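Thank you for making time this morning. I would like to walk you through one chain, slowly, for those of you who have not come across it before.

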Amino acid sequence: MSETIYLGSGKTATGQYGEFFNITINLNKINEHPDVIEEFKGTKFVRLHVTKKSKTDDYGKNVMVTWNDTRKYKEEQESKKENKSLPF
């Protein structure tokens with residue numbers, strides 16, 4: 001299980017077509033945690049999880065951006081497969 005890695009923050013904005021998230025990504029945080037960068041068919045990308053904060057911070061930011069670690073999900077799925085193959 002990995003720890004939550006915070007990569008940025010932002011604010012919600014309401015426009016003509018609904019609510020939007022204006023976010024800022026801290027590239028230094030990505031450099032500090034190079035394992036957040038994935039590669040698929042020669043293309044590099046970062047999976048993000050954008051969530052509303054329960055409370056607005058001192059800078060008016062009410063959105064947080066964290067790394068969406070899919071390894072947790074994969075480990076859970078593998079564990080379930082192993083448990084299903086037991087004969088008892």
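Before I turn to the pocket, let me fix one term: the strands I will name are DSSP runs of E that hold at least two residues, and they are numbered from the N terminus. Please also keep in mind that what you see is a predicted model.

With that settled, the chain has two helices and six strands, and if you read along the sequence you meet them in the pattern β-β-α-β-β-β-β-α. Of its 88 residues, 16% count as buried, and the chain exposes about 7,200 Å², of which carbon and sulfur atoms supply 51%. As for how the chain meets itself, among contacts with a separation of 6 or more, 45% are between residues 24 or more positions apart.

Now to the pocket. Which strand gives the most to the lining of the largest pocket? That is β6, with three residues, although β5 and β6, the latter covering 63-67, each supply at least two residues of that lining. The volume of this largest pocket is about 160 Å³, and 13 residues line it, with Thr-4, His-49, Thr-66, Trp-67 and Lys-72 lying nearest its centre.

Strand β5 also takes part in a feature of the surface, namely a nonpolar patch of about 290 Å² that is made by Phe-21, Ile-23, Leu-48 and Val-50. The elements that give two or more residues to this patch are β2, at 18-25, and β5, at 48-52. Take Leu-48 as an example, which has its place in strand β5: its relative accessible area is 34%, so Leu-48 is partly exposed, and since patch residues need over 30%, that value passes the cut-off.

Let me move on to charges, where the general idea is that side chains of opposite charge can pair when their charged atoms come close. How many salt bridges does the count come to? It comes to three, and I will take them in turn.

In one of them, the side chains of Lys-52 and Glu-19 meet at 3.1 Å, N to O. This pair links distant parts of the chain, with Lys-52 in strand β5 and Glu-19 in strand β2, 33 residues apart. Lys-52 counts as partly exposed because its relative accessibility is 44%, and Glu-19, at 43%, counts as partly exposed too.

Another salt bridge joins the side chains of Arg-47 and Glu-38, at 3.0 Å from N to O, and here Arg-47 is partly exposed, with a relative accessibility of 34%. The remaining one is formed by the side chains of Asp-57 and Lys-53, again given as N to O, at 3.1 Å. Asp-57 has a relative accessible area of 26% and is therefore partly exposed, and Lys-53, with 27%, is partly exposed as well.

I will finish with a point about the backbone. Most residues other than glycine have a negative phi. Lys-41, however, has a positive phi of about 55 degrees although it is not a glycine. Where is Lys-41 found? Lys-41 sits in the loop between β3, which spans 37-40, and β4, which spans 43-46, and because its relative accessibility reaches 75%, Lys-41 counts as exposed.

Key:
Residues are numbered from 1 along each chain as its sequence is written. This is a predicted model: local features need pLDDT of at least 70, side-chain atom pairs count only at pLDDT 80 or more; totals for chains, interfaces and linings use all residues. Side-chain values use heavy atoms; hydrogens and water are left out. Patches are made of residues with over 30% relative accessible area and no salt bridge: like charges are joined within 9 Å, nonpolar side chains (Val, Leu, Ile, Met, Phe, Trp, Tyr) within 5 Å. Accessible areas come from the Shrake-Rupley method with a 1.4 Å probe; for residues, only the protein chains shown count as cover. A salt bridge is a side-chain nitrogen of Lys or Arg within 4 Å of a carboxyl oxygen of Asp or Glu. Helices (H or I, at least four residues) and strands (E, at least two) are DSSP runs, numbered from the N terminus. Buried means under 20% relative accessible area, exposed over 50%, partly exposed in between (1.4 Å probe, protein chains only). Contact means heavy atoms within 4.5 Å. On a 1 Å grid over the protein atoms alone, a cavity is a set of points where a 1.4 Å probe fits but cannot get out, and a pocket is an open set with protein on both sides within 12 Å along at least five of seven lines; lining residues have an atom within 4 Å of a point. Grid points are joined across faces, edges and corners, and a volume is the space filled by probe spheres set on the points.
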